[in-house]
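User: Please guide me through this structure by question and answer. I have not seen it before.

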Amino acid sequence: MNLTLKIWRQSGPKDKGAMKTYPIQGVEADMSFLEMMDMLNEQLVGKGEEPVVFDHDCREGICGSCSMYINGEAHGPGRGITTCQLHMRSFNDGDTIYIEPWRAKAFPVIKDLMVDRSSFDRVIAAGGYVSVNTSGNTLDANAIPIPKEDADKAFDAATCIGCGACVATCKNSSAMLFVSAKVSQLALLPQGQVEAADRVLNMVHQMDLEGFGSCTNTGACEVECPKGISLENIARMNREFLTAAVSAD
Amino acid sequence: MSAKSGVFSSSIVRKVWMSLTGLFLCSFLVVHLLGNLTLLRSDAGAAEAFNAYAHFMTTFPLIKITSYLLYFSILFHAVWGIMLEIKNRKARPVAYAYNNPSANSSWASRKMSLLGTIILVFIATHMYHFWAQMHFGTIPLDASGNKDLYTVVMEFFRHPSFGIPATLLYVVSMAALAFHLHHGFQSAFQTLGVNHRKYTPIIEKVGLVFSIAIPLAFAIIPVYIFLT
Ligand code: HEM
Ligand code: SF4
Ligand code: FES
């Protein structure tokens, strides 16, 4: 199929950037979206032009790096998938496809479609961990009984791949879905209890410092999240935060 | 741990204030509506009953205290809501060239500040016409010696030139309120951390009924007065 691509080109963090139009021919339906981008880049290199810079790594929906805002949606049309799992059969011959980087103050553009998501790393560093004894007498995690329901919910929260689609989609660029998944996966387990109050206060504090907006419960994040992280986690984080805020001294 | 300086200004606490003031305003809507329904009565005692209610609402001490809390809540909710909206817009300095938000969220949920602003303009004009009249205006007294707000209301909506725009303004504003509540009611519970497999669907249904029934009942009153 033949397509018209409208892609955000920005030579560096300081450049203003603009949308540029690229016609592309011979795209096949069973190509992944990233393979289509590779094809475009080969053509650009062949013509002596700068290839389009985009993030990618695993190409199987687990690393969360392939951030692209495609036709007005994070990771494009389709539910429960990342850009690398999107296939060109989702498009028709003659389509125009808009491809933009994640847009958020907390995710500044590095180049073209690649953004700096280290704000997520700093939120994790603020409390998204459990401290364990590693001096040779580490407790076997399986030695502590955990209700199946809690284990399942913690596991669901832990499937968040930190892709940032929630932020990109949210009209407020809020990171609540991501942060709440990271708070929940630990808050639901006994190992996470010791640091629970500090964790939620510190992670939310860091989230606010990074310049993410605040949640207005539109629910867009849950719809666009490739891992189906539930809004239930945001409510849990609000509960955790409010109890920690009134009990902290 | 020592609470971070940011705890009380955190994005979550800011939203809790929106939720608490919003739910308080919802409870006020119910009380206000119950009184106003007297306006739909067409029997002989309707006018005096309504005036007595209006008198009670402006003089009874407990209600007076609550009303100050209410004025404060409306102002706070409006100013805080607009400030949040401004802050949220700053979180995305460069807009998408092409965006398709209706693929993943409801119109009302994205337009809360617009809907709220319509409601605010409405509240201001509404208070100017009736609340200010009742408190500071010189209104003739009815047979029981209460200010005859009933007649003021009737004449307002039946006014030969303002009657139609006034009625329209009320109907449009109530539509805005309906959308505001359709998202807001259930959203307030989510903000407070109430999200439950069993109870959330119930809250959503109650919110849907509330967001249609209350504004509709309010809107029927001016239309009924205008038509009769
Ligand atoms: C009778 C009048 C009103 C009622 C009953 C009401 C009710 C509510 C409720 C229940 C919420 C949800 C809170 C949450 O999500 O936690 C809300 C949100 C909101 N309201 Fe109102 N409201 C009213 C008037 C106004 C006015 C006058 C404004 C002014 C501009 C306004 C602006 C907003 C905004 C911007 C939000 C979204 C806040 C956010 O999600 O961050 N509302 N309202
Ligand atoms: S919550 Fe979902 S959308 Fe957000 S970072 Fe995690 S996986 Fe991505
Ligand atoms: S490249 Fe790893 S999730 Fe897409």
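Analyst: A polar contact is a pair of N or O atoms within 3.5 Å. The model discussed here is predicted.

User: How far does a polar side-chain atom of B:His180 lie from a nitrogen atom of ligand 1?

Analyst: B:His180 is among the closest residues around ligand 1. A polar contact requires N or O atoms within 3.5 Å. The polar side-chain atom of B:His180 and the nitrogen atom of ligand 1 are separated by 2.8 Å.

User: Which element gives the most to the shell around ligand 1?

Analyst: Two or more residues of the shell come from each of α1 (11-36), α3 (61-90), α5 (112-136) and α7 (163-191) of chain B. With seven residues, the greatest contribution is that of α1(B).

User: Which chains surround ligand 1?

Analyst: The shell comprises 24 residues, and the closest include B:Lys15 and B:Thr191. By kind, they divide into eleven nonpolar, twelve polar and one charged. The site is shared between chains, because the residues around ligand 1 come from chains A and B.

User: What is the distance between an oxygen atom of ligand 1 and a polar side-chain atom of B:Ser187?

Analyst: B:Ser187 is one of the closest residues to ligand 1. Its polar side-chain atom is separated from an oxygen atom of the ligand by 2.4 Å.

User: How many aromatic pairs does the structure hold over all chains, and what kind is the pair of B:Phe130 and B:Phe156?

Analyst: Over all chains there are 26 aromatic pairs. In the pair of B:Phe130 and B:Phe156, the centres are 5.1 Å apart and the planes meet at 75°. Planes over 60 degrees apart count as edge-to-face, so the pair of B:Phe130 and B:Phe156 is edge-to-face.

User: Is B:Phe130 buried or exposed?

Analyst: B:Phe130 belongs to helix α5 of chain B, and its ring partner B:Phe156 to helix α6, 26 residues apart. The relative accessible area of B:Phe130 is 9%. Buried means under 20%, so B:Phe130 is buried.

User: Which residue is the bridge partner of A:Leu5 in β5(A)?

Analyst: Strand β1 (residues 3-9) and strand β5 (residues 96-100) of chain A run parallel and are joined by four bridges. Within β5(A), A:Leu5 has as its bridge partner A:Ile97.

User: Which residue in β5(A) does A:Tyr69 stand opposite?

Analyst: Strand β3 (residues 69-70) of chain A runs antiparallel to β5(A), and two bridges join them. The residue of β5(A) opposite A:Tyr69 is A:Glu100.

Technical notes
Residues are numbered from 1 along each chain as its sequence is written. Chains are lettered from A and ligands numbered from 1 in the order in which they are written. This is a predicted model: local features need pLDDT of at least 70, side-chain atom pairs count only at pLDDT 80 or more; totals for chains, interfaces and linings use all residues. Side-chain values use heavy atoms; hydrogens and water are left out. A residue is near a molecule or strand if one of its heavy atoms lies within 4 Å of it. A polar contact is a pair of N or O atoms within 3.5 Å; within protein, one must be able to donate a hydrogen and the other to accept it, and residues adjacent in sequence count only if both atoms are side-chain atoms. Ala, Val, Leu, Ile, Met, Phe, Trp, Tyr, Cys and Pro count as nonpolar, Asp, Glu, Lys and Arg as charged, and the others, Gly among them, as polar. Rings of Phe, Tyr and Trp (its six-membered ring) pair if their centres lie within 6.5 Å; planes under 30 degrees apart count as stacked, over 60 as edge-to-face and the rest as tilted. Buried means under 20% relative accessible area, exposed over 50%, partly exposed in between (1.4 Å probe, protein chains only). Two strands pair if DSSP finds at least two bridges between them.
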